[in-house]
Amino acid sequence: MNEEIREVGPGLWIWRLSYPDWHEGAGWPEVVTSTCVESGGEVAVLDALAPPEGSAVWERLDARPPTIAVVLKPDHVRDVDVFVRRYGCRAFGPWLFERTNIPETEVEEVEPGTELPGGLRALYDGRGRNETPLWLPEQRTLVFADALIGGEDGLRIWDTPHIERARSALRELLELPFERVIVAHGEPVHDRAAFERALDSPTYSE
């Protein structure tokens, strides 16, 4: 399993792992990104995929245990149950999950506009897929599940039948003073200029 830890900014880091059930034709890259942020006295893991035992990721999380675990999208349940069992943290996520991908953990509902512990705020992505990107005000960062992807030619909006609505919703996020964007798939970290370019670029199709 490929593993990478990357510092992104003060109180913000990511880890990247090969997704265990990935296969050719999945429509997205094998390596996926999980995020950890410290904000307002809380430690949050976002769309977290559990590393193997003995990993440097566990060592780092054990040193600063997560207090909340957040699922940003119904099919990004990943290993929220593992993190809740290990750390006893609160869990947050969508009000609706896919019937084949439901966490054992009882999650507290997140909708656009919800403010989570630590001052993290859920946003609207306009795609109609129940994704709630997060605004991390202390780090001036947006974190997305699948609304955008880091492709070979830069940051792109993931194609959707609701693309015009999505472009409009994402454009509204420019009102936030963010400096960087983190995405789950592809190259994970991008600056504000890359986000602005993505708004007017062709979409990414699987």
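## Exercises on a mixed sheet and two helices

In this predicted model, Ile-68 has Arg-90 of β6 as its bridge partner. Let's work outwards from that pair.

**Exercise 1.** Find the sense in which strands β5 and β6 pair, and how many bridges join them.

*Solution.* Start with the residue ranges: β5 covers residues 68–70 and β6 covers residues 90–93. Then follow the pairing, which is parallel and runs over three bridges.

**Exercise 2.** Work out the strand order of the sheet, and explain why β1 and β7 each have one side without a neighbour.

*Solution.* First, list the seven strands across the open sheet: β1-β2-β3-β4-β5-β6-β7, with mixed pairing. Next, look at the edges, where β1 (3–9) and β7 (108–109) stand. Each has a single partner strand, so one side of each lacks a neighbour in the sheet. Now add helix α1 (residues 56–63), which packs on the sheet and touches β1, β2 (12–18), β3 (31–39) and β4 (42–46). The direction of α1 makes about 45° with that of β1.

**Exercise 3.** Describe how α1 and α2 pack, and which residues make the contact.

*Solution.* Two packed helices are described by the angle between their axes and the distance between those axes. For α1 and helix α2 (residues 80–87), the angle is about 45° and the axes lie 12 Å apart. Since angles from 35 to 65 degrees fall outside the parallel and perpendicular ranges, α1 and α2 are therefore oblique to each other. Their crossing is right-handed. On α1, the contact is made by Trp-58, Leu-61 and Asp-62; on α2, by Val-82, Phe-83, Arg-86 and Tyr-87. Sorted by class, this contact has five nonpolar, two charged and no polar residues.

Terms used. Residues are numbered from 1 along each chain as its sequence is written. This is a predicted model: local features need pLDDT of at least 70, side-chain atom pairs count only at pLDDT 80 or more; totals for chains, interfaces and linings use all residues. Side-chain values use heavy atoms; hydrogens and water are left out. Two strands pair if DSSP finds at least two bridges between them. Helices (H or I, at least four residues) and strands (E, at least two) are DSSP runs, numbered from the N terminus. Contact means heavy atoms within 4.5 Å. Axes are lines fitted to C-alpha atoms, for helices over the stretch in contact, and angles run from 0 to 180 degrees between N-to-C directions. Angles under 35 degrees count as roughly parallel, over 145 as roughly antiparallel, 65 to 115 as roughly perpendicular and the rest as oblique. A crossing is left-handed if the near helix is turned anticlockwise from the far one by less than a right angle, and right-handed if clockwise. Ala, Val, Leu, Ile, Met, Phe, Trp, Tyr, Cys and Pro count as nonpolar, Asp, Glu, Lys and Arg as charged, and the others, Gly among them, as polar.
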